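Reader: Please take one part of this model and look at it closely. I would like the side-chain contacts, with the numbers.

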Amino acid sequence: PARPAAAAKGKQPVSLEPKAMDVLRAMSQALTAAQSMAFTTVSTYESPSRVGPALAYSTRSEILMQRPDKLRVVTLGDGPAAEYYYDGKTLTAYAPAEKLAAVAPAPPSIDAMLETAFKSAAIYFPFADVVGSDPYTLISDGLVKAFYVGQSKVVDDTTTDVLALVSNEMFMQLWVGSNDRLPRKMRVVYRGDPLRLRHELTLSNWKLDPVVAADAFASLNAQNAGKIAFAAPQPAGAARKPAPAKARPAKTAQP
């Protein structure tokens, strides 16, 4: 993408550039206008290696959501597969390889469920801001700088507007479809991470307001699986640490 004009002239960008905020607002409006959505994500995150440079791991997820209280996430990747089903009353986490499921009561909205899942069981979805009831507020909250970078025609084979978003907690680069205003890519580095590991999320195969089957947010395999406690994973013999008081399943948490 092209460099921003302000950067090219050696000037500091406007703290919250109106053009960048307009694109962010339009993205939120496009997302919240849909009562149901289906899309695919590929999340790539870095992890320290024994020799120094970080290794990259990826997961692929198929997401189906229906406002205000339905979500299904089926994930495959560089690690165990996982499935999540939220039907407005319960959240089920299912491990297909082990044929084990954890089931817990859940609050009656996607936003509240995501918060509860993160705090109670360290379940974090990197696309949480996208399926929330107000993506604009979730992403813009705490921003100290936002500027328009330019356009790209590479990501997801479409023309996108590229934004840079900066808060005291993270630096995010965001690619938004110029025509449909749907998010296509997010790239984040967290300020609190001394290693500055990068987290990248691509979003594709968008379907807005698809027909959703009545049983789409339940799994017969999960219902018949062995049951385990719904809790954060812990190393053997380790005591569970409490979640940070201000932690939330959005841009402030690391995948």
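**Side-chain contacts**

Author: Start with a salt bridge: the side chains of Asp22 and Arg25 meet at 3.1 Å, N to O. Both residues belong to helix α2, which covers residues 18-32. They are three residues apart, about one turn of the helix. The model is a predicted one. Asp22 has a relative accessibility of 45% and counts as partly exposed. Arg25 is also partly exposed, at 33%. The limits behind that label are 20% and 50%, since buried means under 20% and exposed over 50%.

This contact belongs to a longer list. Searching the whole structure gives ten salt bridges. Another one joins Arg184 and Asp180, with an N to O distance of 2.2 Å. How buried or exposed is Arg184? At 9% relative accessibility, Arg184 counts as buried. Its partner Asp180 is partly exposed, with a relative accessible area of 34%. This pair does not stand by itself: Asp156, Asp180 and Arg184 are linked in a network of salt bridges.

Next comes Glu200 with Arg187. Their side chains meet in a salt bridge of 2.8 Å, N to O. Glu200 sits in strand β11, residues 198-208. Arg187 sits in strand β10, residues 183-190. The pair therefore ties together parts that are 13 residues apart in sequence. Glu200 has a relative accessible area of 22%, so it is partly exposed. Arg187, at 28%, is partly exposed as well.

Now the rings. The whole structure holds six aromatic pairs. In one of them, Phe39 and Phe127 have ring centres 5.9 Å apart. Their planes stand at 85 degrees, so the pair is edge-to-face. The cut-off for that label is an angle over 60 degrees. Phe39 lies in strand β1, residues 36-49. Phe127 lies in the loop between α3 (110-121) and α4 (128-131). The contact therefore ties together parts that are 88 residues apart in sequence. Phe39 is buried, at 1% relative accessibility. Phe127 is buried too, with a relative accessible area of 1%.

A second edge-to-face pair is formed by Tyr84 and Phe125. The distance is 5.1 Å centre to centre, with 85 degrees between the planes. Tyr84 comes from strand β4, residues 79-86. Phe125 comes from the loop between α3 and α4. These parts are 41 residues apart in sequence, and the pair ties them together. Tyr84 has a relative accessible area of 18%. That is under the 20% limit, so Tyr84 counts as buried. Phe125 is buried at 5%.

How do these rings fit together? Phe39, Tyr84, Phe125, Phe127 and Trp206 form one aromatic cluster. Both Phe125 and Phe127 are placed in the loop between α3 and α4. Strand β1 supplies Phe39, and strand β4 supplies Tyr84.

Two other rings take part in contacts with a charge. The charged end of Lys19 sits over the ring of Tyr148, 3.9 Å from its centre. The charged end of Lys185 sits over the ring of Trp175, at 4.7 Å from the ring centre.

Put the two kinds of contact side by side. In the salt bridges described here, Asp22, Arg25, Asp180, Glu200 and Arg187 are partly exposed, whereas Arg184 is buried. In the ring pairs, Phe39, Phe127, Tyr84 and Phe125 are buried.

How values were computed: Residues numbered from 1 in each chain as written. Predicted model: local features only at pLDDT ≥ 70, side-chain atom pairs only at ≥ 80, totals over all residues. Heavy atoms only, no water. Phe/Tyr/Trp six-rings, centres within 6.5 Å; stacked < 30°, edge-to-face > 60°. Helix = DSSP H or I, 4+ residues; strand = E, 2+ residues; numbered from the N terminus. Buried < 20%, exposed > 50% of the residue type's maximum accessible area, 1.4 Å probe, protein only. Lys NZ or Arg CZ within 6 Å of the ring centre and 35° of its normal. Salt bridge = Lys/Arg side-chain N within 4 Å of Asp/Glu carboxyl O.
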